[in-house]
Amino acid sequence: MKPITPCLWFDDRGEEAAKFYTSLFPDSRITDVTYYAPGTPGAEGKVMTVSFDINGQPFTALNGGPQFTFSEAISFEVRCKDQDEVDRYWAAFTSDGGEESQCGWVKDRFGVSWQVVPERLYELMSDPDTAAAQRAVQAMLQMRKLDIAALEKAFAQP
């Protein structure tokens with residue numbers, strides 16, 4: 001079966017977004033760029049689509065115009081191995097006009113929503129000590145950028 005390829009609809013910044021994403025994630029690259037031809041809905045010669053891979057996952061960026069925008073109803077989860085990785089992605093996504101949200105969610109400068117989540121959170125939430133796991137969840141609900149040390153501290157509280 002062929003992979004499912006998310007198509008991200010941009011007004012006119014699809015190529016800029018693809019370049020940003022492929023610079024941010026390891027093992028990522030732009031694989032193709034197409035341009036509007038005469039008689040198509042876009043301006044002739046302008047970028048229409050950008051195909052790119054993020055860590056082996058294919059994506060398409062479409063410059064389709066302003067009629068559709070992104071919402072938090074769709075987001076991409078970035079699982080991070082440690083706090084340094086959480087901090088790095090958070091800083092990148094909030095740069096140049098990105099917006100912090102709650103519980104590890106952030107909207108980048110293009111309006112795309114991301115969840116920057118340390119793997120440690122999933123370990124804490126799935127611990128057999130359900131009371132401790134719930135304390136970690138309650139701590140997470142109070143955060144913007146997730147803080148592994150604070151999650152572990154809440155988990156360990158009696």
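How many bridges join strand 2 to strand 3? In this predicted model, strand 2 and strand 3 run antiparallel and are joined by 6 bridges. Within that pairing, V33 stands opposite V50 in strand 3.

**The sheet of strands 1 to 4**

Strand 2 and strand 3 belong to an open sheet of 4 strands in the order 1-4-3-2, with mixed pairing. The edges are occupied by strand 1 (7-10) and strand 2 (29-35); each has a single partner strand, so one side of each is left without a neighbour in the sheet. From one strand to the next, the twist averages 20 degrees. Helix 1 (residues 14-24) packs on this sheet, where it touches strand 1, strand 2, strand 3 and strand 4 (57-63). The direction of helix 1 makes about 15 degrees with that of strand 3.

M48 lies in strand 3 (residues 47-54). Its relative accessible area is 26%, and M48 is therefore partly exposed, a class that lies between under 20% for buried and over 50% for exposed. Leaving aside neighbours within four places in sequence, M48 is in contact with T34, Y35, Y36, A61, L62 and N63. One of these residues, A61, is 13 residues from M48 in sequence, and their C-alpha atoms are 8.2 Å apart in space.

**The sheet of strands 5 to 8**

A further open sheet has 4 strands in the order 5-8-7-6, and its pairing is mixed. Strand 5 (75-80) and strand 6 (99-100) stand at its edges; each has a single partner strand, so one side of each is left without a neighbour in the sheet. Strand 6 pairs with strand 7 (residues 105-107) in the antiparallel sense over 2 bridges. E99 has K107 in strand 7 as its bridge partner.

The two antiparallel pairings described above are set out below.

| Strand pair | Sense | Bridges | Residue pair |
|---|---|---|---|
| Strand 2 and strand 3 | antiparallel | 6 bridges | V33 and V50 |
| Strand 6 and strand 7 | antiparallel | 2 bridges | E99 and K107 |

**The packing of helix 4 and helix 5**

Helix 4 (residues 130-141) packs with helix 5 (residues 148-156) at an angle of about 140 degrees, and their axes are 7 Å apart. That angle makes helix 4 oblique to helix 5, because only angles over 145 degrees count as roughly antiparallel. The crossing of helix 4 past helix 5 is right-handed. On the side of helix 4, the contact involves A132, A133, R135, A136, A139 and M140, which meet L151, A154, F155 and A156 in helix 5. The residues of this contact divide into 9 nonpolar, no polar and 1 charged.

Notes:
Residues are numbered from 1 along each chain as its sequence is written. This is a predicted model: local features need pLDDT of at least 70, side-chain atom pairs count only at pLDDT 80 or more; totals for chains, interfaces and linings use all residues. Side-chain values use heavy atoms; hydrogens and water are left out. Axes are lines fitted to C-alpha atoms, for helices over the stretch in contact, and angles run from 0 to 180 degrees between N-to-C directions. Angles under 35 degrees count as roughly parallel, over 145 as roughly antiparallel, 65 to 115 as roughly perpendicular and the rest as oblique. A crossing is left-handed if the near helix is turned anticlockwise from the far one by less than a right angle, and right-handed if clockwise. Contact means heavy atoms within 4.5 Å. Ala, Val, Leu, Ile, Met, Phe, Trp, Tyr, Cys and Pro count as nonpolar, Asp, Glu, Lys and Arg as charged, and the others, Gly among them, as polar. Two strands pair if DSSP finds at least two bridges between them. Buried means under 20% relative accessible area, exposed over 50%, partly exposed in between (1.4 Å probe, protein chains only).
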